[in-house]
Amino acid sequence: MSDSLIGVNIGTEVTNMPSPTQVVTLLKSQNINRVRLYDADRSMLLAFAHTGIQVIISVPNDQLLGISQSNATAANWVTRNVAAYYPATNITTIAVGSEVLTTLPNAASVLVSALKYIQSALITANLDRQIKVSTPHSSTIILDSFPPSQAFFNKTWDPVIVPLLKFLQSTGSPLMLNVYPYFDYVQSNGVIPLDYALFQPLQANKEAVDANTLLHYTNVFDAIVDAAYFAMSYLNFTNIPIVVTESGWPSKGDAKEHDATVENANTYNSNLIQHVINKTGTPKHPGTAVTTYIYELYNEDTRPGPVSEKNWGLFHTNGTPVYTLRLAGAGAILANDTTNQTFCIAKEKVDKKMLQAALDWACGPGKVDCSALMQGEACYEPDDVVAHSTYAFNAYYQKMGKASGSCDFKGVATVTTTDPSRGTCVFPGSAKSNQTLGNNTTALAPSANSTTSGCIPQYYHPHASFTDLTLLSLLLIIALVFL
């Protein structure tokens, strides 16, 4: 997996959040090799083991106070959340807090102490050379961002910013910045043109020019990043790199959010990704790529606030793209048209009786060919209701052309982009299909005149229903009588 310089944020305010394994599978299918987590979730970190994916983990804001006051607390955090997984999981950075200066100003005074304690713990664990420590900021801490050459940090925060920059410089860590041209555009009341916010081509006479440097700016993103560079140089820090930890555009908004649209989100993210991958850099630092994390992988439907807050994702939770990015020449990075790579699987931790009932329906009235699930056939093992239901549910879903509602089965099934095929058991719809009976959609349904499904459910699941067992007993009795 090549280093694309593009990553994604993975939020957790999601209904039916995909499993960590499904998340990793989606990331791999999109050749995404960088992720940022807003915590240090154990199951997620285990799923990233041996994948090579570069992971930013986070100290949540509500843990800042404890870590900033105790070296032992910081050491314990690093032991539990870093040393326990590294190097199998490629943790590259620890983000201490998130936008603390603007969202949790009362904790600003302890921020640098928290970073230093985490750094000290990494030194003790002999991990300080491999793992950097920083903290993401909102770009609003920079005042007068245009022209960039006159930008400076809000002086209110100088008691924090100056020691923070000293820390970043001494440890070789980046300044983390969240850059949202969408908000700059919306809050400008028409001063900022939409094309300028979206990275759209501008005529030379419409480009923004910094009168002090004569540098030409063709987009808001570059202007904000350069404003941060100039703000640091104003404080005599000139060698700290910038990583953009969040940037994106919402694909949907309420009645007042007119420009939160699928088209604009696609345009912004496609142009941003192309801009970063091409290592265009900024007018102040041309050719110096700015590693950027797209906000975000999935739509977070439980986030509070306006409609737009729930619709920043590149993907729905079932793995299908919100829109297909336009990335000509960008290779396979985020080539997120997974529409034809979806499967239907049984949910985990649901009532097994409901699964069995749905399985019986799929292989009966649903007219799915379940012969591959019979003993001795390719998909018989593992012989359990979840595995067999997954095969049958997916066969029905593929037979129905992946139509909406065809992967529900009264709530015990869900859509995924993870191919559930295993070994010689190739599922319908899989790219691995070799057109063998039971492994493709051409053999899924009996003829229109048939009244059978091609399988008897109790043959391939040991926990047959009471009705099925009674029927078998009666058949055996009848056979004995006639013998």
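A: Start with a definition: a disulfide is a pair of cysteine sulfur atoms within 2.5 Å. Keep in mind that this is a predicted model.

Q: How many disulfides does a search of the whole structure find?

A: The search finds 3 disulfides.

Q: Which residue does a disulfide join to Cys 344?

A: The partner is Cys 407, with an S to S distance of 2.0 Å. That falls under the definition, as the cut-off is 2.5 Å. Next, look at where each end sits. Cys 344 is in strand 14 (residues 343-346), while Cys 407 is in the loop between helix 13 (385-399) and strand 15 (413-416). The pair therefore ties together parts that are 63 residues apart in sequence. Both ends, Cys 344 and Cys 407, are buried.

Q: Why is the disulfide of Cys 344 and Cys 407 right-handed or left-handed?

A: Read the torsion about the S-S bond. For Cys 344 and Cys 407 it is about 85 degrees, so this disulfide is right-handed. Now take Cys 363 and Cys 370, which a disulfide joins with S to S 1.8 Å. Here the value about the S-S bond is -85 degrees, and the link is left-handed. Cys 363 and Cys 370 are both buried.

Q: With which residue does Cys 379 form a disulfide?

A: With Cys 425; the sulfur atoms are 1.9 Å apart. The torsion about the S-S bond of Cys 379 and Cys 425 is about 105 degrees, so the link is right-handed. Cys 379 lies in the loop between helix 12 (352-363) and helix 13, and Cys 425 in the loop between strand 15 and helix 14 (457-460), so parts that are 46 residues apart in sequence are tied together. Cys 379 and Cys 425 are both buried.

Q: What is the pairing of the bonded cysteines, numbering them in sequence order?

A: The pairing is 1-5, 2-3, 4-6.

Q: Let us move on to charge. How many salt bridges does a search of the whole structure find?

A: First the general idea. Side chains of opposite charge can pair when their charged atoms come close. In this structure the search finds 4 salt bridges.

Q: With which residue does Arg 36 form a salt bridge?

A: With Glu 246, where the closest N and O atoms are 2.9 Å apart. Arg 36 is in strand 2 (residues 34-37) and Glu 246 in strand 12 (residues 242-247), so the pair ties together parts that are 210 residues apart in sequence. Arg 36 and Glu 246 are both buried.

Q: Where else should I look? With which residue does Arg 303 form a salt bridge?

A: One partner is Glu 300, the closest N and O atoms being 3.7 Å apart. Arg 303 also forms a salt bridge with Glu 309, with the closest N and O atoms 3.3 Å apart. Check the accessibility of each glutamate. Buried means under 20% relative accessible area. Glu 300 has 3% relative accessibility, so it counts as buried. Glu 309 has 18%, so it counts as buried too. Salt bridges that share partners join Glu 13, Glu 300, Arg 303 and Glu 309 into one network.

Q: What share of the residues in the protein is buried?

A: Buried residues make up 51% of the 483 residues. The protein has 15 helices and 15 strands.

Q: Now for empty space. What volume has the largest cavity?

A: The general idea is simple. Rolling a probe the size of a water molecule over the atoms shows where empty space is left. In this structure there is 1 cavity of 30 Å³ or more. The largest cavity has a volume of about 50 Å³. Residues that line it include Phe 221, Asp 222, His 275 and Lys 279. Helix 10 (220-234) and helix 11 (262-277) each supply at least two lining residues. By class, the lining divides into 4 nonpolar, 4 polar and 2 charged residues.

Q: Which residues lie nearest the centre of the largest pocket?

A: They are Glu 99, Ser 138, Asn 178, Tyr 180 and Phe 183, out of 45 lining residues. About 1,200 Å³ of space lies in this pocket. Its lining has 19 nonpolar, 14 polar and 12 charged residues.

Q: What volume has the second largest pocket?

A: About 780 Å³. Its lining has 28 residues, and those nearest its centre are Ser 19, Gln 22, Ile 345, Glu 348 and Thr 414. Strand 15 gives the largest share of this lining, 4 residues.

Conventions. Residues numbered from 1 in each chain as written. Predicted model: local features only at pLDDT ≥ 70, side-chain atom pairs only at ≥ 80, totals over all residues. Heavy atoms only, no water. Salt bridge = Lys/Arg side-chain N within 4 Å of Asp/Glu carboxyl O. Buried < 20%, exposed > 50% of the residue type's maximum accessible area, 1.4 Å probe, protein only. 1 Å grid on protein atoms, 1.4 Å probe; cavity = no way out; pocket = protein on both sides within 12 Å on 5 of 7 lines; lining within 4 Å. Points joined across faces, edges and corners; volume = space filled by probe spheres on them. Nonpolar A, V, L, I, M, F, W, Y, C, P; charged D, E, K, R; others polar.
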